[in-house]
Structures are given as structure tokens and as C-alpha cells.
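Visitor: I would like a close look at a single part of this model. Please begin with one detail and work outwards from there.

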Amino acid sequence: MSAVSIKGVSKQFEAGVTALQGIDLDVEPGEFVSLIGPSGCGKSTLLRIIGDLTKPTAGTVQVNGKPADRARRDHEYGIVFQDAVLYDWRTVSKNISLPLELLHWNRSRRNARIKDMLELVELTGFESHHPWQLSGGMQQRVSIARALSFSPSLLLMDEPFGALDEMTRERLNAELLRIWQETGSTVVFVTHSISEAVFLSTRVVVMSVRPGQIAGLVDVDLEQPRTNATRESPRFFELVTQVREQLAAAGARLGETQEPALVEDQV
Amino acid sequence: MSAIAVEPSNRGIAGALPRAAARALLLVVGLAVLWGVWEGYRWLGIREHWTWPFKVNDTNMPHISKIWHAFGQPLQPDGPPLRHYLWHYAIFTGKEALAGFVLGAAIGFFLAVALSQSNMLRRGFLPYIVVSQTVPILAIAPMVVVGLGTKGVSPWVSVAVIAAYLTFFPVAINTLRGLLSPDPEALELMRSYAAGRWKILWRLRVPASLPYVFSALKISATASVIGAIIGETPASLQGGLGYAIVNFNQYYSIQPANLWATIIVCALLGIVFFLAVVALEHIVLKRAPENVA
């Protein structure tokens, strides 16, 4: 059974803009799949369709064999956005605790899990800090801890490191890989950084714009665990080049003259 | 660990004492400046025979010392001093204002919660809420007093209702704005947890609205005092600051200091209400310093 199974998904917005057309994609359990493409290719929309945060106009999505809305109700996935979306009035612990409270976990079970999660994202000692006392990178780590707190098998990430500086981003990339391997979860990751997609993924899905379609798939055979040395390996550069060329080819098919996409991954 | 957690530093007693002293000093300096401006304007105005915007004389601008003195003067021969009356008037009006404030804040809050739940409700009802505030309170007040009076409600409750009428509006408008303030991703997050309307309301919308609520409560705190004072007039209610103002108005030409003293007490009552809300806000809200106005 696939972790995510997308069949013939299209999405049209009310204005008549076709955000996605004829998307077919299967993500196997334990995979780390990145969606990459130019702004407006609908990669964020596709992520939200998987999470049943928006409905496709046509096609079906299954998560762990269940229809997407059923899967959402069964808490099959955790989600991380570009902004950490932490609640200001809650401490780090309480933010991680939010989904657990909604799932009616009792206090001792919650506290044990919060402790584990803080260890996982290396934020032990910051449990009673408020979000505004943390740096952007730390906030995003809290957001990841919150998404994983109830042990969903699937993690959806929408450009989670897009707002961070390059150095923080690379460190969090490495951390995310460690977390992915420790938890054994499946990850669907939206990005517009080619090197990030290659470094993290087992498979990169290259998308084209207008309409958003899958332009190509790149299997990333870099060995695990990946380190800074991975980023300097010839194979890494080959794969980055491969993704870049596929993106360029997708763009060329559409013609470079057209105006930039107006629909900025809208929901 | 890259990031540095910013810890608010001036929490200790060592930091708190000089801060309190500085605040007290600032208050004293502020009052002194106010006194200087009043007396300076008075002195200049009388010497230069200013008549615009008003004639400066002992009636229009009594010495501050005279106003201060008035607090200690008996109203009737051998009666208790003015401050004794004003104290009781302030308690009386304060009670009405407090009841009105609580009532108005509750109505405003729950109205906002109801309106936050439906676009249609919002479009349908919001205009009427706005219209309610364009009607002069002086026209509404007698209706409330007479209307409730015939149902056997005691007059001070009617006055509280009038105060509530002024209170609920800012609370309703600001709370509504606060309830609608969470950004789409915060709502998507709740949706991803399959949280229902009710949970989204109490776990996200209401906490997010609290800074807005407190901004509104600060406005309402002073408005409720004004509402109570104004409400006493058509209610012909004796024993409050509104009554005192009407009463001392009649003797203004001979005893202006009494009215000025009453005005000062009214202002103090408003300040007490305001500070109470500020104190409550500090207890309830634990936010980023820039979010606590």
C-alpha cells in the first residue's frame, strides 16, 4: 500500500486558472519525496490536496489507503508550513502539546511525549520559552516537533526552510534527515531550492507551470546518511544538474516569453 | 545551539525599585508641569485681559490651591467636607460603571463570538451595531430609565445599562477583529488536526483575540464611567457624580471650585478603571512585549 496515492488530480480555481492538471504520483512508505518547480506550479496546492486542506476539482487522493478526508480525520499526517505558525500565547512545550490535547491524550502521556520531541529536535531546556523568544530556525524545529508529536506516518512540509538563512537551512536539512531516519516516517516536501531537494530526497518530482504538471522524476541514489561531504560529491552535482535541466526543459516547453505566473500557490 | 533566547532582564527587585521610583518622579514632574501651565496661563490671561477663547478670571480658572482647598470645605455649615460627599458619589457611580462595564464587555464579547462564526450574520448584523452607536446616548438614556423603571428595575441598574450601551461597542468590534485575526495557515493547522468549529474557537480564535479585547477594554473602562455619569442625569438619580455635576453647575458662578473638584474625581475614577484593566492585562497576557500595548 502506498503512503500517498494520487490519481488524475486536477485543480481549477474559481477564476478559471488551472493550477494542476492530471497529476499521478505514488509515494511509498519511508520515501522522502520533494516537489520542486517554479512559483505557481501548484506544488503547495498539491501538498494541501494530499492533506485535504483543499479539494481537487478532479481525481482522487489516498493516504495510507484511505481517502484524503478520512486520513485527515484519522490524523495520518503532520504538517509544517513555511512560517512556523506557533501560537504566541503558548510556550514551546504547550505548542508541541496542541495536537496531543486535541487528541485527548492525558497529561502524563503528553509530558512524556513532549520530552521526547524536545530531545528529537534538540530543544531540551527551551520548554518554557515563548515562540517570540526563539530564532526562526528554532521556531521551525518546534513546528517539526509539533507535527511529529502524535507520531503520524506521513509528514507534509511546505517550504519549511524557505524563510531561513542558508546556513541555518543547511543545518536543519541535516537534522531533518536524521529525524526522518529515526522516525521512519514518509515525507512529502515542497521546495524551490534544487540543492535542498537533491540533498534531502530519495526522489525529486519536477513540476512545470501553467498548468501544473509533473514534468519529470529524478531518483536520488545518494547514499545515506548524507553529510556535508555529500554536498561536495560529484554525484550530488550530477543530480542537481539533472533536476535543473528538467526544470529548464519544462520551462522551455512553455516558452520563456510568457509573463510570470500570477497565481502564487494559492489555496 | 545557534540562537540566543532573549530573556526579559528587568524582572528582579533590584531593577524594579529604581523603575518604580522613576515612574513616581515622572508623575510628580507631570503634575507640576500641569500646575505650572494652568497657573501661568491664568496669570498671563488676567494680566493681558484675554477674552479668547474664554475670559480668564477666578470663575473660569480658579487657583489650583482653591480647588484643592474646596475638597476640605463643608458643603453646608457644620456638615462634612466636600471630599466626604465626593467619595460617596464616586463609590455610587463607580458601582454603576462597574456593573455596566462587566455587562457591556460580556455582551460585546459574546456578540463578537457569534458574529465570527458566520459571514452572513456579520453582514446582516454589523450595520445595526454600528447604527446603535450613532444614536445620541442622551436620547436613549431616558427611554432606558423609563422603560426599565416601569418594570420595577431600580434606577441604578438602568444607569448601568446605559453604561453598558457605551461599553459593548468597542469590545464587540475589536474582539471580532481579534477573532478573525489568525492567518490562514493557523486555521489550516487546526484543520489538519481535524479540529471542529468549537475547538478552533477556544484554542485559536479566542486566545488570538485577547490583545484586541484588552485594547477595547481600556477604551470601554473609561467610557463606562462616562456612561454612568451621563446616565444619572435623565434617571434623576441622586447620590452619584452625575448628580453632583448638575448640582454644582447651578452654583458655578459663586463656587466654581466645587465643580472643578468633582471633575477631578470623575477623572480619577476613570483612571482607576483604566489601571484596573491594565493590571488585569498584565496578569492574563503573556505575550511578546511589543504585543502588549
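**An edge of the sheet in chain A**

Guide: A:Gly78 has A:Leu155, a residue of β7(A), as its bridge partner. The model is predicted: local features need pLDDT of at least 70 and side-chain atom pairs count only at pLDDT 80 or more, while totals for chains, interfaces and linings use all residues. Residues are numbered from 1 along each chain as its sequence is written, with chains lettered from A and ligands numbered from 1 in the order in which they are written.

That bridge leads to the pairing of β6(A) with β7 (residues 154-158) of chain A, which is parallel and runs over four bridges. Strands (E, at least two residues) and helices (H or I, at least four) are DSSP runs numbered from the N terminus, and two strands pair if DSSP finds at least two bridges between them.

The wider setting is an open sheet of six strands in chain A, ordered β6-β7-β8-β3-β9-β10, with mixed pairing. β6 (77-80) and β10 (213-219) of chain A each have a single partner strand and stand at the edges, so one side of each has no neighbour in the sheet. From one strand to the next, the twist averages 15 degrees. Such angles run from 0 to 180 degrees between N-to-C directions, with axes fitted as lines to C-alpha atoms, for helices over the stretch in contact. Contact between two residues means that their C-beta atoms, placed from the backbone, lie within 7 Å.

A helix also belongs in this picture: α5 (residues 136-148) of chain A lies across β6 and β7 of chain A. Its direction is at about 165 degrees to β6(A).
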